[in-house]
Structure formats: C-alpha cells, structure tokens
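Here is a short note to read beside the structure. It goes point by point, starting with the ligand.

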Amino acid sequence: MEKKTALITGATSGIGKATAIQFAKNGIHLILCGRRQERLDALKNELSPLTEVTTLSFDVRDKEAAFNAIESLPNSFSTIDILINNAGNAHGLDPIQTGSIDDWDAMIDINVKGLLYVSKAIIPKMTERKSGHIINIGSTAGKEVYPNGNVYCASKHAVDAINKAMRIDLNEYGIRVGAVHPGLVETEFSNVRFKGDDERADNVYKGFDPLRPEDIADIIHFMISRPYHVNLADLIVLPTAQASSTIVKKTF
Ligand SMILES: NC(=O)c1ccc[n+]([C@@H]2O[C@H](COP(=O)([O-])OP(=O)(O)OC[C@H]3O[C@@H](n4cnc5c(N)ncnc54)[C@H](OP(=O)(O)O)[C@@H]3O)[C@@H](O)[C@H]2O)c1
C-alpha cells in the first residue's frame, strides 16, 4: 500500500506527540511541527527507525512563517494526505471581567487563526488532488461553556464551526473533514494554562482517571484508517469520570 504523509501541528507534546508515535508505528510518513526544535529533533530521532520523518519549527501565529515552512518541504514530503490541526492551548482561567488581553490574543491567534493559516497553506493542494483528510482537534470547551473558560471556549467553538464549514466547502472535492473534541486529557495543557504553576496543573487531574494522550491518538488513527467512504465527522471523547466540563466524579 502507498505510504501516506501526515502533517501534525503541536507534535512536541501531549496529543500531537502521541499521535505522531501512533502514526509512525503504522508506517505513516510524518511532518512534525511545533516551536520547540529540540523536542522535534528528539522525536524525529525516536521515530526515524519506524518511518520517514521531517520537522518544521514555526509559530502558527506567524502566517508568513507557516506558509514558508510548508512551502519549504522537500518533494518527498510535499504531498500531504492527512492534516492534524492540533496545536493549541488554554491561557489562563479567569472571569471575563479580569481576564488578560494577552491571554485572549494568544488563544484566538493560536487556536483559531493559527489553525486557519496552516489549513490555508495545505488545502489548495488537497483540492487540486481531490483527496485528503483533515482532523481538527476541538474540545468539549467547543461544545459547552464553563465558568472562567470564556475565551478558550470561544476559540474552541470557533474550531467547531470551522470544522463544520470545512466539511461543507470541501465536500465537492471528496476531502474528509472531522473533529475530535476531548474532555480532560493529562498533557502539558494545564501547565501552560496556569503558566508553569505545576502544582495547580497537577491538581486538575487528581482524584480520577483522566484520558491519556495515547487514548486520543488511538482514536485519531482509527479515524484515518477507515475506508475512504467513511468519515468520522465529530467525536466527543470523555474520561469515564467526566460527564461535562464541570461534572467530574472525583474520589476525594
Ligand atoms: N489536554 C486537554 O485536556 C485537552 C482537552 C481538549 C482539547 N485539547 C486540545 O488538544 C490540543 C493539544 O493540546 P495538549 O493537551 O496536547 O497540550 P500540550 O501538551 O500543551 O501540547 C500543545 C502543543 O501545541 C503546540 N503549540 C502551542 N502553541 C503553539 C504555537 N503558537 N505555535 C505552534 N505550536 C504551538 C505546542 O508546541 P510548542 O510549544 O513546541 O510550539 C505543543 O506541541 C490543543 O488544541 C488543545 O486545546 C486538550
């Protein structure tokens, strides 16, 4: 079978990294993206015995950098069959009246505009070829709103809307578009949200069994390995202990 090539944003950590490992185990060629070059290099070294790997280090907020990076791909990686729009984070957890404008900018610029820039750099070649698969990583925060989640929830509601819009606009080109909306996954997500307050971050996942990044990676691999006529369009994935953004059964 011809090998597919996947570009994964946010491959230096969490869900993106676990997806890269899962894809590599299945022989999918990888374009690993993120800002932290040393982590990209380490992952490339780890996965190179399993598959072809290249890396692109850029900030998704910087549209020129995003376009230049994707444009710079060597021929052997220039046909991108699968795009995993995963890069993103929450920044802060404050009520709307005291929230930081810098945090709001970061979330809108990375989670929404960054996803659009990367998509715009890749989709035209998919429409030309009339094939491709785009998976957008949303969140339960894109399906509901929770206290102090305001702008993060808004950014993920935007991802939910963009996911649906992509599916409509790309329908005539036979491109698959789907989203995974995870609940609580133990990654570096809360360390970023709480700006390095690791104790507060660790507490988010205490007292219950959260999702692991590998759980989401497994589902993403399931989505991309279905026969081409099957498109898993919109998946909400929760740890069993979680019923909604605010209802989590904890043992303490
Ligand atoms: N963890 C959860 O509970 C959870 C729940 C629902 C949805 N999600 C979503 O899942 C996705 C992955 O998050 P995660 O949980 O795996 O968190 P994570 O471990 O913090 O990983 C975030 C990834 O995004 C990349 N990234 C962040 N800002 C970037 C930027 N400006 N430019 C390029 N890359 C950037 C990071 O790479 P660099 O820092 O190297 O650039 C990192 O690889 C996000 O979209 C998040 O919103 C997470």
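1. This is a predicted model. A good place to begin is Thr187, where a polar side-chain atom lies 2.6 Å from an oxygen atom of the ligand. The protein covers 98% of the 870 Å² of accessible area that the ligand has on its own.

2. Two further polar pairs involve the ligand. A nitrogen atom of the ligand is 2.9 Å from an N or O atom in the side chain of Asp59. At Gly88 the partner is a polar backbone atom, 3.4 Å from an oxygen atom of the ligand.

3. What surrounds the ligand? There are 30 residues around it, and Thr12, Ser13, Arg35, Tyr152 and Thr187 come nearest. By type, the shell divides into 12 nonpolar, 12 polar and 6 charged residues. Helix 1 (14–25) supplies at least two residues of the shell, and so does helix 5.

4. Thr187 deserves a second look. This residue lies in the loop between strand 6 (176–182) and helix 6 (189–193). Is Thr187 buried or exposed? Its relative accessibility is 18%, so Thr187 counts as buried, the cut-off for that term being under 20%. Besides the ligand oxygen at 2.6 Å, the side chain of Thr187 reaches the backbone nitrogen of Phe189 at 2.9 Å. Leaving aside neighbours within four places in sequence, Thr187 is in contact with Gly14, Ile15, Tyr205 and Pro213.

5. Thr187 and Gly88 can also be considered as a pair. They are 99 residues apart along the chain, and their C-alpha atoms are separated by 12 Å. Each has a polar atom paired with an oxygen atom of the ligand: a side-chain atom in Thr187 and a backbone atom in Gly88.

6. Asn86 is found in the loop between strand 4 (82–85) and helix 4. Its relative accessible area is 10%, and therefore Asn86 is buried. Not counting residues up to four places away in sequence, Asn86 touches Thr9, Gly10, Ile15, Gly16 and Ile137. Ile15 also appears among the contacts of Thr187.

7. Now the nonpolar interior. The largest nonpolar core has 30 residues, of which Leu7, Leu56 and Ile134 touch the most other members. The elements that give two or more residues to this core are strand 2 (29–34), helix 3 (63–71), helix 4 (101–129) and helix 5 (150–169). Helix 4 gives the most, with 10 residues. Apart from this core lies another, of 26 residues, among them Ala6, Ala24, Ile28 and Ile82.

8. Which residues does Leu7 contact, leaving aside its neighbours within four places in sequence? They are Ile31, Cys33, Leu56, Ile70, Ile80, Ile82, Leu83, Ile84, Val118 and Ile122. Leu56, in that list, is itself one of the residues that touch the most other members of the largest core. Ile82 is also in the list, but belongs to the core of 26 residues.

9. Asn163 has its place in helix 5. Asn163 counts as buried because its relative accessibility is 0%. A polar contact of 3.0 Å joins its side chain to that of Asn136. With neighbours within four places in sequence left aside, Asn163 is in contact with Asn136, Val177, Gly178, Ala179, Ala233 and Asp234.

10. Two loop residues are worth checking for their backbone angles. Lys130, between helix 4 and strand 5 (133–137), has a phi near 60°, a positive value in a residue other than glycine. Asn148, in the loop between strand 5 and helix 5, has a positive phi of about 70° although it is not a glycine. As for accessibility, Lys130 is exposed because its relative accessible area is 53%, while Asn148, at 32%, is partly exposed.

11. Last comes Val204, in helix 7 (residues 198–204). Its relative accessible area is 22%, so Val204 is partly exposed; the cut-off for buried is under 20%. Val204 is in contact with Leu184, Ser190, Phe194 and Lys250, leaving aside neighbours within four places in sequence. The C-alpha atoms of Val204 and Asn191 are separated by 9.9 Å, and these residues are 13 apart along the chain.

Methods:
Residues are numbered from 1 along each chain as its sequence is written. This is a predicted model: local features need pLDDT of at least 70, side-chain atom pairs count only at pLDDT 80 or more; totals for chains, interfaces and linings use all residues. Side-chain values use heavy atoms; hydrogens and water are left out. A nonpolar core is a set of buried Ala, Val, Leu, Ile, Met, Phe, Trp, Tyr and Cys residues joined through side-chain atoms within 4.5 Å. Buried means under 20% relative accessible area, exposed over 50%, partly exposed in between (1.4 Å probe, protein chains only). Helices (H or I, at least four residues) and strands (E, at least two) are DSSP runs, numbered from the N terminus. Contact means heavy atoms within 4.5 Å. A residue is near a molecule or strand if one of its heavy atoms lies within 4 Å of it. A polar contact is a pair of N or O atoms within 3.5 Å; within protein, one must be able to donate a hydrogen and the other to accept it, and residues adjacent in sequence count only if both atoms are side-chain atoms. Accessible areas come from the Shrake-Rupley method with a 1.4 Å probe; for residues, only the protein chains shown count as cover. Ala, Val, Leu, Ile, Met, Phe, Trp, Tyr, Cys and Pro count as nonpolar, Asp, Glu, Lys and Arg as charged, and the others, Gly among them, as polar.
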